[in-house]
Amino acid sequence: MSDIDPAETQEWRDALAAVLEFEGETRTTYLLDQILAEAQRLGTAVPFVATTPYVNTIAPADEPTHPGEREIEHRIRSAIRWNALALVLRANKDSTELGGHLSSFQSAATLYDVGFQHFWHAPTEEHGGDLVYIQGHLSPGIYARAFLEGRLTEAQLDSFRQETGSHAGTGLSSYPHPWLMPDFWQFPTVSMGLGPLMSIYQARFLKYLHARGLADTAARKVWVFVGDGETDEPETLGAISMAAREKLDNLVFVVNCNLQRLDGPVRGNGKIIQELEGVFRGAGWNVIKLVWGSGWDELLARDTSGALKRRMMECVDGEYQTFKSKDGAYVREHFFGVDPELAAMVADWSDDEIWRLTRGGHDPQKVYAAYAAALAHTGRPSVILAKTVKGYGLGAAGEAMNISHQAKKVAEPALRAFRDRFAIPIDDDHLTDLPYVSFPEGSPEHTYLHARRKELGGYLPARRRTSAPLAVPGVEAFAAQVAGSNGRAISTTMAFVQILTKLLRDKEVGKRVVPIVPDEARTFGMEGLFRQIGIFSQNGQLYTPEDAEQLMFYKEDASGQILQEGINEPGAMSSWIAAATSYSSSDTPMIPFYVYYSMFGFQRVGDLAWAAGDIRARGFLVGGTAGRTTLNGEGLQHEDGHSHLQAAMIPNCVAYDPTYAYELAVIVADGLRRMYAEQEDVFCYLTLMNENYEHPPMPEGVTEGILKGLYELRPAEGTAQVQLIGSGTILREVLAAADLLAADFGIEADVWSAPSLTELRRDGLATERWNTLHPLEEPRTSYVASCLAGRPGPVVAATDYMKAYADQIRAFVPGSYTALGTDGFGRSDYRRNLRRHFEVDRHFIAVTALRRLADEGTVAPAVVAQAIEKYGIDPDRADPAHA
């Protein structure tokens, strides 16, 4: 657009400059906001600008003075840099088999050092402790600091990435893994994107605990370190609008913008800092750009024409990477030399002086100012976009080079240059021995290092393994479920809601129960809880709900107990993880129940479920409308036939598929005991169905079998000739099949309920391993084998999941064993039609049992053919697994 009145334009500019000069930035910003607001009110289209100039957000005059002993801190930081380097190089001295990362920590060393020295509180009686999500690839630097603090030994450093055999229990895990180092790491973050996502819901859960009076979290912050390349992961940025909406001013993201991914530039043709500024500002965050170090302040102050700022803006990240991979002469020529005015700025500077112009993330003064600003900000989360150099200090070994992420070796000249650059006290004769550097007790560095952490409450990272055990109710608390439904037809989902309601009313643990739903509470019959305990909202309820006149109206409350996450399974899972680890992160054990469509559980958030195992989460995951034939009308993408196989992948996930309310009651009570009374690091997965049927009272003596995974439900009336096993709703088809066999063919069957085929498999494998390793001792018998030993006839098992689920126990079943299941894509139809389609209905179970009896010579093959015809089964129909 052309300027039709340049003189008027200049008057406006002059007026703006005058306000800025005489009344300051705050007044200038206020006036601009008022003008823009008035323009919008008048209907004028106001141009939206998501980004600010490519300079630091905090002006030098507004920076607080760094309060530390800068020289001592530099020596400490340099020693940590060296030890982190030596750690990886020593591990890979003879080969590169162990791997490790040299360059990531070098880019972020200052960012972490300032935090450890001045900001991050450990838990004390007065302060609950800050939570720091550490970038996974930076673990060598965290180990290096812990070594200087005396928390790790040299032997432990030399066991980096060696965690078996003689190193079991003492080896250092490759990345932050609480399962492998349960006293050290708090959060698993190396599956990139998950740390940022989980941290947002962690920050919100701290607000939840505080609002409900369960823990004082007002002074606590959640600090989250993210790589700029990691922001390409959808999970990294997927919940940032929620963080702003929930006013999570206890949350600080620090994005280490070293401009490089694993293979090359993050945005070679653009500017990742500008891009992220627009994304975060648009989402409502307080954005602090930390682009340039203090050496640039003088040049920027002399930049009266804006030429330097323009040059800073026009260079893309690919160019900035190249600048830092070269030297001062190259920067003089290719950055400053393109403009005579800029060249004149540094005409009297040496190439070394130009090279010493640092990026903001390497300047302790600038980092301190940014952290202090983020800490002081209220009402919104803050993000610090810190520009750094990947492989900072590595020189020819990988500084700002595309190969830096994969580098595992450093040649002696580069190693010597690194030593000299950071004044590491190692002579040439011992340099290639890669000795670790430490500070003797009583030295200024040793004294300072420990004094800073003492002032901040202790050492980090550190993890709390246990909290005070809870007095949890036993199965007797669920007497109504144990007694059966007394002729009423109910679903296991309804039985679960009854159990959950009972827990919520429990005087001891009720306030600690955290119901979590993504957006399906009404589907699961949980809408009654809205009014009873409310949905957590920091704003309360600022409106009258549409259903206010109804008994079960929608109620949001500042002290609400339900976490209702919307259509957002990853967010709901992250909330569950925050609650399931509250015993560790807040010394406040909570009992979360995350209830969701089972198909949208492990399949959709499997990476988070794996992280939950790593982080030693304790709680209940509840897959509703489970099974491939139970959610009858929804079809292919809603019908779950494999979640139990996915649950079985996680070693500390204990999974059950109960059929009856009493099974569910026993399982929940035992889960409460294991996780909250005995503080065992497991979590439970329960599948529930929406099919209504009568639930019998609990038979005598079945508790152990329910928990181990198998018990005899109904013995044959006469002499059994076949053993039938079922779980979930298909157990009822198994019972019906037993009736058909008896009525139509005179074949009696023992019927078994198998609430957990996965637990049976684990027991079988453990028994098999013990027998292998103890050849001179009396062999043990697996639980499955002990149950079925001496039982006549073949064994047929049917579930509403893929055949592989029941097939898990094949090796431990004596004699003939056949697994039936629902392989293939789901369909929409009536339940009876779906079960017929997938060949798990009573008729197919009966035919299968007859076929196996025929294989053993108990019945003639003609009997099987008779049954096939009698039950209308088409023997030539397509296999449902491939249909």
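**Cavities and a surface patch**

Across the whole of this predicted model, a search finds 10 cavities of 30 Å³ or more. The largest cavity holds about 150 Å³ of space, while the second largest holds about 70 Å³.

The lining of the largest cavity includes the aromatic residues Trp292, Trp296, Tyr320, Phe323 and Phe335, together with Val331, Ile354, Leu357 and Thr358, and it is completed by Lys324, Arg359 and Lys387. By class, this lining divides into eight nonpolar residues, one polar residue and three charged residues. Helix H12, which spans 317-325, and helix H13, which spans 328-336, each supply at least two residues of the lining, and the largest share, three residues, comes from H12.

The second largest cavity is lined by Ile134, Gln135, Gly136 and His137, by Thr189, Val190, Met192, Gly195 and Pro196, and by Phe225 and Glu230. Its lining is made up of five nonpolar, five polar and one charged residues, whereas three charged residues occur in the lining of the largest cavity.

From these enclosed spaces the reader may turn to the surface, where Trp12, Leu16, Leu32 and Ile35 make a nonpolar patch of about 410 Å². Trp12, one of the residues of this patch, has its place in helix H1, which covers residues 6-41. Trp12 counts as exposed because its relative accessibility is 57%, and exposed here means over 50% relative accessible area.

How values were computed
Residues are numbered from 1 along each chain as its sequence is written. This is a predicted model: local features need pLDDT of at least 70, side-chain atom pairs count only at pLDDT 80 or more; totals for chains, interfaces and linings use all residues. Side-chain values use heavy atoms; hydrogens and water are left out. Patches are made of residues with over 30% relative accessible area and no salt bridge: like charges are joined within 9 Å, nonpolar side chains (Val, Leu, Ile, Met, Phe, Trp, Tyr) within 5 Å. Accessible areas come from the Shrake-Rupley method with a 1.4 Å probe; for residues, only the protein chains shown count as cover. A salt bridge is a side-chain nitrogen of Lys or Arg within 4 Å of a carboxyl oxygen of Asp or Glu. Helices (H or I, at least four residues) and strands (E, at least two) are DSSP runs, numbered from the N terminus. Buried means under 20% relative accessible area, exposed over 50%, partly exposed in between (1.4 Å probe, protein chains only). On a 1 Å grid over the protein atoms alone, a cavity is a set of points where a 1.4 Å probe fits but cannot get out, and a pocket is an open set with protein on both sides within 12 Å along at least five of seven lines; lining residues have an atom within 4 Å of a point. Grid points are joined across faces, edges and corners, and a volume is the space filled by probe spheres set on the points. Ala, Val, Leu, Ile, Met, Phe, Trp, Tyr, Cys and Pro count as nonpolar, Asp, Glu, Lys and Arg as charged, and the others, Gly among them, as polar.
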